[in-house]
Amino acid sequence: MAKITFTKLNLPKISKEEKTIEINGAQVTVKQFLSTEEKLNLIESILTKSVDEVYGYFNPIKIDFITTIELIKAYTNITFTEKQIGDNLFKTMDLLDAAGATDTIIGAIPKEEYDSIIKTIESCSIAIERYNCSLAGMLSRMRADNDAIAMDVDKITEGLSPENLEYVKKIIENA
């Protein structure tokens, strides 16, 4: 089989096309394409922010809201303050939804782009949850917990005198 160089494929340039929509009199620019790297960063951000801190599972409500806000940030020229997307995320979403802005913006993103991102988020969250519930995932978390505990014990024992350290060791052995 004869080899051909990548440049001989004469692939077209990636489109930088944008669409302009209006939301309450403001002109909003919506990208029509994100690079693979931008999509990967977007999906990683959504998954990271959607994990329930207490129980460690993906919260479907958080996935929905965070996906919407992250899509708006990635595809449009709309900027948010940390407070608007942090402490007031639900209020921000309510304002966008009440104005019909969410549907207008999501509707301006090409369907193939949107569907691809949503499908990838769903498949990644399922794969991560399966891994976390597997023996390998549990062992990995236990190892991380043990490392954190060992570091805490080192910090605690750092300031103890040799006599007090012996006393702590006896307490642990008798526990």
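The following questions and answers concern a predicted model of a protein.

User: In what order do the strands and helices of the protein follow one another along the sequence?

Analyst: In this predicted model, the protein has 8 helices and 2 strands. Read from the start of the sequence, the elements follow the pattern β-β-α-α-α-α-α-α-α-α.

User: What share of the residues of the protein counts as buried?

Analyst: The accessible surface of the protein comes to about 12900 Å². Carbon and sulfur atoms account for 58% of that surface. The protein has 175 residues, and the share of them that counts as buried is 26%.

User: Among contacts between residues at least 6 apart in sequence, what percentage joins residues at least 24 apart?

Analyst: A contact here requires heavy atoms within 4.5 Å. Among the contacts between residues at least 6 apart in sequence, those joining residues at least 24 apart make up 56%.

User: Which element gives the most residues to the lining of the largest pocket?

Analyst: The largest pocket has a volume of about 210 Å³. Of its 15 lining residues, Asp 64, Thr 67, Thr 68, Tyr 114 and Ile 118 are the closest to the centre. Two or more lining residues come from each of α2 (60–75), α4 (89–98), α5 (101–108) and α6 (111–133). With 6 residues, the element that gives the most is α2.

User: How many residues of the lining of the largest pocket are nonpolar?

Analyst: The lining of the largest pocket includes 3 polar and 4 charged residues. The nonpolar residues of this lining number 8.

User: Is Thr 68 buried or exposed?

Analyst: Thr 68 lies in helix α2 and is one of the residues closest to the centre of the largest pocket. Leaving aside neighbours within four places in sequence, Thr 68 is in contact with Met 93 and Thr 102. Its C-alpha atom is separated by 9.5 Å from that of Ile 105, a residue 37 places away along the chain. Because its relative accessibility is 11%, and the cut-off is under 20%, Thr 68 counts as buried.

User: With which side chain does the side chain of Lys 73 make a polar contact?

Analyst: Lys 73 also lies in helix α2, and at 30% relative accessibility it counts as partly exposed. Apart from neighbours within four places in sequence, Lys 73 is in contact with Lys 49, Phe 80 and Ile 85. Lys 73 and Leu 42, 31 residues apart in sequence, are 9.4 Å apart in space from C-alpha to C-alpha. The polar contact made by the side chain of Lys 73, at 3.2 Å, is with the side chain of Glu 70.

User: Which backbone oxygen lies 3.0 Å from a polar atom of the side chain of Ser 125?

Analyst: Ser 125 is placed in helix α6 and counts as buried because its relative accessibility is 8%. Not counting residues up to four places away in sequence, Ser 125 touches Leu 47, Phe 58 and Ile 63. The backbone oxygen at 3.0 Å from a polar atom of its side chain is that of Glu 122.

User: Which backbone oxygen lies 3.0 Å from a polar atom of the side chain of Gln 32?

Analyst: Gln 32 is in the loop between β2 and α1 (36–49), and its relative accessible area of 17% makes it buried. Leaving aside neighbours within four places in sequence, Gln 32 is in contact with Glu 17, Glu 18, Lys 19, Ala 108, Pro 110 and Glu 113. A polar atom of its side chain lies 3.2 Å from the backbone oxygen of Val 30. The backbone oxygen at 3.0 Å belongs to Ala 108.

User: What is the phi of Asn 10?

Analyst: Most residues other than glycine have a negative phi. Asn 10 lies in the segment before β1 (18–23), and with 66% relative accessibility it counts as exposed. Although Asn 10 is not a glycine, its phi is positive, at about 50°.

User: Where is Asn 24 found?

Analyst: Asn 24 has a positive phi near 50°, in a residue other than glycine. Because its relative accessible area is 70%, and the cut-off is over 50%, Asn 24 is exposed. Asn 24 is found in the loop between β1 and β2 (26–31).

Note on methods: Residues are numbered from 1 along each chain as its sequence is written. This is a predicted model: local features need pLDDT of at least 70, side-chain atom pairs count only at pLDDT 80 or more; totals for chains, interfaces and linings use all residues. Side-chain values use heavy atoms; hydrogens and water are left out. On a 1 Å grid over the protein atoms alone, a cavity is a set of points where a 1.4 Å probe fits but cannot get out, and a pocket is an open set with protein on both sides within 12 Å along at least five of seven lines; lining residues have an atom within 4 Å of a point. Grid points are joined across faces, edges and corners, and a volume is the space filled by probe spheres set on the points. Helices (H or I, at least four residues) and strands (E, at least two) are DSSP runs, numbered from the N terminus. Ala, Val, Leu, Ile, Met, Phe, Trp, Tyr, Cys and Pro count as nonpolar, Asp, Glu, Lys and Arg as charged, and the others, Gly among them, as polar. Buried means under 20% relative accessible area, exposed over 50%, partly exposed in between (1.4 Å probe, protein chains only). A polar contact is a pair of N or O atoms within 3.5 Å; within protein, one must be able to donate a hydrogen and the other to accept it, and residues adjacent in sequence count only if both atoms are side-chain atoms. Accessible areas come from the Shrake-Rupley method with a 1.4 Å probe; for residues, only the protein chains shown count as cover.
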